Every structure is written in structure tokens, then in C-alpha cells.
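Ready for a few hands-on exercises? Have a look at the model below, then try each task before you read its solution.

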Amino acid sequence: MGTVAMCAGIPRAVLMLMGGAVTDRTSPRKVLMITASARAVLVAAIGILLRRNTLELWHLYALASAFGVADAFALPSAAPLMRCLVKPEQLPAANSLWQSSALLTGIVAPAPRA
């Protein structure tokens, strides 16, 4: 699990500045729509490979790396989009809620299910 997370984390860390630059030059909404679509296709690919009983570890490495690339462009575009969606006086509360839910999801989601 750690190596799969590393495969997603390395491209995310390396390309995050480029993702911010692309978001500054284009529409944050467009960047989020493209990256959300890409991430949906990647997750669907895991489901298809699993359904066919052909999922191997190298598939997870490749798909996690591609997911990390998509994250590198999606994460910098979320904050500017938040400023467009929320009134300025509600922005601190909205950012707090957004970041809290992201942290909570990162803790709870990988927890093993019994």
C-alpha cells in the first residue's frame, strides 16, 4: 500500500507547481472538470481490471502514478474555485470545512473495514 501511495505522491509533488501555473493561466473550473474526468476513468479502469480478474500490482502502480498527475493539477485549482463559489465573508468557514473534510477523509478512508 505504501508503494502505491508513493507512486501517486511523487508525480503529485513534482508537478504541483506546474499545476498551479496551468490553473493561473486557464479556468480553474475547466481544470477541475478535466482532472475529475481523468480520475474517474482511472478508477473505472481499476474496477474493470478487477472484474476481469487481471489486476496486477504493476497496474496499480501505473494507475496511481496517473492519478498523482491528475491530482497535481486538481489540487491547486480547488482554492481559486472556492473563491468564486462562496461569498467573501464566508470564505474562512468554507476553507476550514473543505480542509477538515479532506484531512478526515485521508484518515478514515484507508482504515480497514471489518
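Here are three exercises, each with a worked solution.

This is a predicted model, so local features need pLDDT of at least 70 and side-chain atom pairs count only at pLDDT 80 or more, while totals for chains, interfaces and linings use all residues. Residues are numbered from 1 along each chain as its sequence is written, and side-chain values use heavy atoms, with hydrogens and water left out.

**Exercise 1: the pocket**

Find out which helices line the largest pocket, and what classes of residue they bring.

*Solution.*
- Start with the term: on a 1 Å grid over the protein atoms alone, a pocket is an open set of points where a 1.4 Å probe fits, with protein on both sides within 12 Å along at least five of seven lines.
- Next, take the volume, meaning the space filled by probe spheres set on the points: about 320 Å³ for the largest pocket.
- Now the lining (residues with an atom within 4 Å of a point): there are 13 residues, and V4, A8, I46, A64 and F67 lie nearest the centre.
- Then the helices (DSSP runs of H or I, at least four residues, numbered from the N terminus): helix 1 (2-25), helix 2 (28-51) and helix 3 (57-85) each supply at least two residues. Helix 3 gives the most, with five.
- Finally, the classes: eleven lining residues are nonpolar (Ala, Val, Leu, Ile, Met, Phe, Trp, Tyr, Cys or Pro), two are charged (Asp, Glu, Lys or Arg) and none is polar (the others, Gly among them).

**Exercise 2: the salt bridges**

Work out which residues the salt bridges join into one network.

*Solution.*
- A salt bridge is a side-chain nitrogen of Lys or Arg within 4 Å of a carboxyl oxygen of Asp or Glu. The whole structure has two.
- D71 pairs with R12, their closest N and O atoms 3.3 Å apart. D71 sits in helix 3 and R12 in helix 1, so this pair ties together parts 59 residues apart in sequence.
- R39 pairs with D71 at 2.6 Å. R39 belongs to helix 2 and D71 to helix 3, so here the parts tied together are 32 residues apart in sequence.
- Shared partners put R12, R39 and D71 into one network.
- Check accessibility (buried is under 20% relative accessible area, exposed over 50%, partly exposed in between, with a 1.4 Å probe and protein chains only): D71 is buried at 7%, R12 is partly exposed at 26%, and R39 is partly exposed at 22%.

**Exercise 3: the cysteines**

Count the disulfides, then decide: is C7 buried or exposed?

*Solution.*
- With a disulfide being a pair of cysteine sulfur atoms within 2.5 Å, the count is zero.
- C7 is buried at 17%, whereas C84 is exposed at 62%.
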